[in-house]
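Open the model in your viewer and keep the sequence panel beside it. Each stop below gives a selection to make and then says what is there.

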Amino acid sequence: MSGRFVTLVAGIFCFFAAVIIQGFLPFFEPSARTTRVSSVVRTDLGQLKWMITDATDYTPQQQRGRAVYLREGCWYCHSQYVRPVTGETRRWGPVTESGEYAFDVPHLFGTRRIGPDLMRVGLKFSDEWHYAHFWDPRMLSPDSVMAPYRGLFDSQDERVGIVDDGTGGRTLQKTPRTEALFDFASKQQIRLTPNSDGLLFVPRRARDKAPVIQLPNEEFDLDTVQIAAETEDLEALVAYVQKLGMNRGKWRDLFEPQQLEVMDATIPRSEEWIRHGKQVYERRCLGCHGENGDGNGPAATFMFNQRPRNFNVAVFKFRLTKEPLPTDGDLLRTITRGVRGTAMPAWYELPLNDRLSVIQYIKYELAVDRSDPANPYAYFVEEPPGPPLYIGKPPAPSQQMLDRGKQTWQVAKCWECHGQGGKGDGEKAAGLKDDLGFAIVPADLTSGQFKSGPAVEDIFRTMTTGLSGTPMPSYRDALPEEDRWALSYYVLSLSAYKDPLTLEPLAIVEAQRAALNDLELNAATPATAYDPGSAGAAGEGGGG
């Protein structure tokens with residue numbers, strides 16, 4: 001018997017085996033689809049717990065975005081599958097579960113990772129980050145090999161003039177193009193800022209508003225701009241991308257690699273470290289924060305809702321010091337965790353020395369007032385941060401604690417900006433500005449996207465120090481520590497049992513809610529997730 005004959009027989013056998021297995025057996029054993037997934041929810045008492053729930057289908061807009069994703073060939077380079085090995089889970093997040101694909105036809109698992117895996121990209125970045133990324137990926141990631149997708153924008157090469165609006169402000173020249181994008185007669189305004197090259201992003205929400213060119217710090221000194229307007233396809237594509245991974249709820253708030261608690265951490269100041277920090281900055285930070293650190297980088301125009309930080313004025317929101325300037329530990333925490341709900345991503349994958357060195361560059365080269373070139377004022381040299389404040393162990397949560405927090409919410413008048421329900425729609429919300437003159441929107445606390453961090457200690461830190469450069473004050477002297485803890489727990493409760501993407505309440509019956517609120521319930525991992533069905537709670541399954 002020759003080897004050629006054996007090979008021929010084996011080939012024929014494998015061919016017919018494949019036909020039977022893939023062609024005939026599926027008719028007799030149809031595939032089963034499950035919507036069962038493990039998901040993280042925030043309880044009324046502020047805890048984050050895993051539970052078994054049901055995945056949800058895509059909305060019509062997300063379905064349209066998925067069609068755009070397929071049409072544009074995004075799936076050629078991006079996979080959607082987190083494998084059960086350590087490197088995968090520490091980079092992307094929890095292992096994917098079969099229920100997450102219940103509404104995916106065709107599946108987009110993918111094997112080529114020319115680009116990052118996208119199964120956990122939902123709410124990792126803000127919508128504004130994605131707009132900039134589709135316009136020019138290398139504005140945000142110089143190492144990217146992704147092509148720009150400017151065809152998703154309504155953009156033309158012709159430039160539009162900036163003119164006086166008759167009241168001392170600036171607006172866009174009326175042309176057939178701008179009149180199709182804006183309602184110049186509207187009393188509602190949208191404030192937009194071009195980047196230093198004159199690129200102006202126009203979101204779809206501007207269509208019924210009058211444009212105001214906002215340049216409180218003379219961020220732009222030309223008299224014409226190029227418009228890049230958001231389209232329905234782009235809006236839908238971003239909606240689809242934000243959905244990916246969101247059937248797993250608030251899992252990112254339990255993602256260990258980006259959790260960092262540090263009082264202080266630093267490296268000795270040296271020109272060598274500062275030079276290395278400059279290289280890191282130019283590679284990772286310049287796209288948003290700008291070449292000179294003024295917060296008006298090439299991608300900044302897309303961040304019309306929340307501007308990038310202007311390092312030149314040395315105003316930092318997140319700190320644990322009495323004085324305005326943060327410690328190196330504060331800056332390291334922010335860089336590592338990112339700022340949820342904004343375009344500032346988590347940089348936990350960046351080597352620690354890179355993060356520490358870029359802090360040196362920000363402190364000693366960018367956080368400098370150079371209004372008098374002959375006498376520059378280096379804030380971190382002239383006003384070094386004081387010692388970190390101490391935050392003790394938080395008290396145990398309880399209903400009494402929440403009741404006290406709700407009373408404190410009224411006493412501290414948090415509702416004036418954040419609204420009675422915490423949605424950021426208070427009576428003073430519309431006119432708020434930051435210290436640089438840009439409009440600022442109060443946080444929607446029901447979203448659970450807390451900029452300073454997801455833990456009660458993070459909220460307490462914000463209550464204690466305030467957010468420098470914003471209308472959010474410090475309550476360190478105005479409220480006793482007990483009230484600040486109670487208020488922090490109450491703020492967390494505003495996002496309890498909410499879908500992190502839609503912000504709609506989860507369909508969880510009272511018996512399941514009571515079980516999850518039990519402080520003794522251990523549901524810290526997907527393996528120990530609370531299962532309403534097996535627990536015998538009223539109703540089968542949870543809401544997704």
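The tour goes through a hairpin, a group of strands with a covered helix, the nonpolar cores, a helix pair and some backbone details. Bear in mind throughout that this is a predicted model.

**Stop 1: the hairpin**

Select residues 36-42, which are strand β1. Six of the seven residues in β1 are buried, so the strand is largely enclosed by the rest of the structure. Now add residues 48-54, strand β2. The two strands run antiparallel and are joined by seven bridges. To see one of these pairs, show V40 of β1 and W50, its bridge partner in β2. Together β1 and β2 make a hairpin, with five residues between the strands. Within that turn, pick G46, whose phi is positive at about 90°.

**Stop 2: strand β9 and its partners**

Select residues 224-230, strand β9. Is β9 mostly covered or mostly open? It is mostly covered, with six of its seven residues buried.

Bring in the partner strands one at a time:

- β3 (153-155) pairs with β9 in the antiparallel sense, over three bridges. F153 has E230 of β9 as its bridge partner.
- β4 (160-164) also runs antiparallel to β9, and two bridges join them. Here G161 stands opposite T224 of β9.
- β7 (199-202) pairs with β9 in the parallel sense, over four bridges. L200 stands opposite I227 of β9.

With the strands on screen, look at the side chains. In a regular strand they alternate between the two faces of the sheet.

**Stop 3: helix α4**

Keep those strands displayed and select residues 127-135, helix α4. Eight of the nine residues of α4 are buried, and the helix is mostly covered. The buried residues are E128, W129, H130, Y131, A132, H133, F134 and W135. What covers them includes strands β3, β7 and β9 as well as helix α6; to display α6, select residues 232-243.

Next go to M139, in the loop between α4 and β3. M139 counts as buried at 12% relative accessibility. Leaving out residues up to four places away in sequence, M139 touches A132, G287, P298, A299 and F302. Put a distance label between the C-alpha atoms of M139 and A300: the two are 161 residues apart in sequence and 9.8 Å apart in space.

**Stop 4: the nonpolar cores**

Select F153, L172, F182 and F302. The largest nonpolar core has 50 residues, and these four touch the most other members. The elements that give two or more residues to this core are α2 (60-71), α4, β4, β6 (189-192), β7, β9 and α6.

Centre the view on F182. Which residues does F182 touch, not counting those up to four places away in sequence? They are L172, I190, L192, V202, A206, R207, K209 and P211.

Then select I267, Y281, V358 and I359. These belong to a second, separate core of 24 residues.

**Stop 5: helices α7 and α10**

Y281 and V358 also appear in the contact between two helices. Select residues 271-284 for α7 and 352-366 for α10. The helices pack at an angle of about 100°, with their axes 7 Å apart. An angle of 65 to 115 degrees counts as roughly perpendicular, so that is the description for α7 and α10.

On the α7 side, show W273, I274, H276, G277, K278, V280 and Y281. On the α10 side, show N353, D354, S357, V358, Q360, Y361, Y364, E365 and L366. The residues of this contact divide into eight nonpolar, five polar and three charged.

**Stop 6: backbone details**

Three loop positions remain.

- P106 is in the loop between α3 (86-91) and α4. The peptide bond leading to P106 from V105 is cis, with omega near 0°.
- L123 is found in the loop between α3 and α4. Its phi is positive, about 60°, although L123 is not a glycine. L123 is buried, with a relative accessible area of 13%.
- L503 lies in the loop between α15 (481-493) and α16 (510-517). Phi of L503 is also positive, near 70°, in a residue other than glycine. At 21% relative accessibility, L503 counts as partly exposed, because buried means under 20%.

Definitions and conventions: Residues numbered from 1 in each chain as written. Predicted model: local features only at pLDDT ≥ 70, side-chain atom pairs only at ≥ 80, totals over all residues. Heavy atoms only, no water. Buried < 20%, exposed > 50% of the residue type's maximum accessible area, 1.4 Å probe, protein only. Pairing = 2+ DSSP bridges. Axes fitted to C-alpha atoms, helices over the stretch in contact; angles between N-to-C directions. Parallel < 35°, antiparallel > 145°, perpendicular 65-115°, else oblique. Contact = heavy atoms within 4.5 Å. Nonpolar A, V, L, I, M, F, W, Y, C, P; charged D, E, K, R; others polar. Core = buried A, V, L, I, M, F, W, Y, C linked by side-chain atoms within 4.5 Å.
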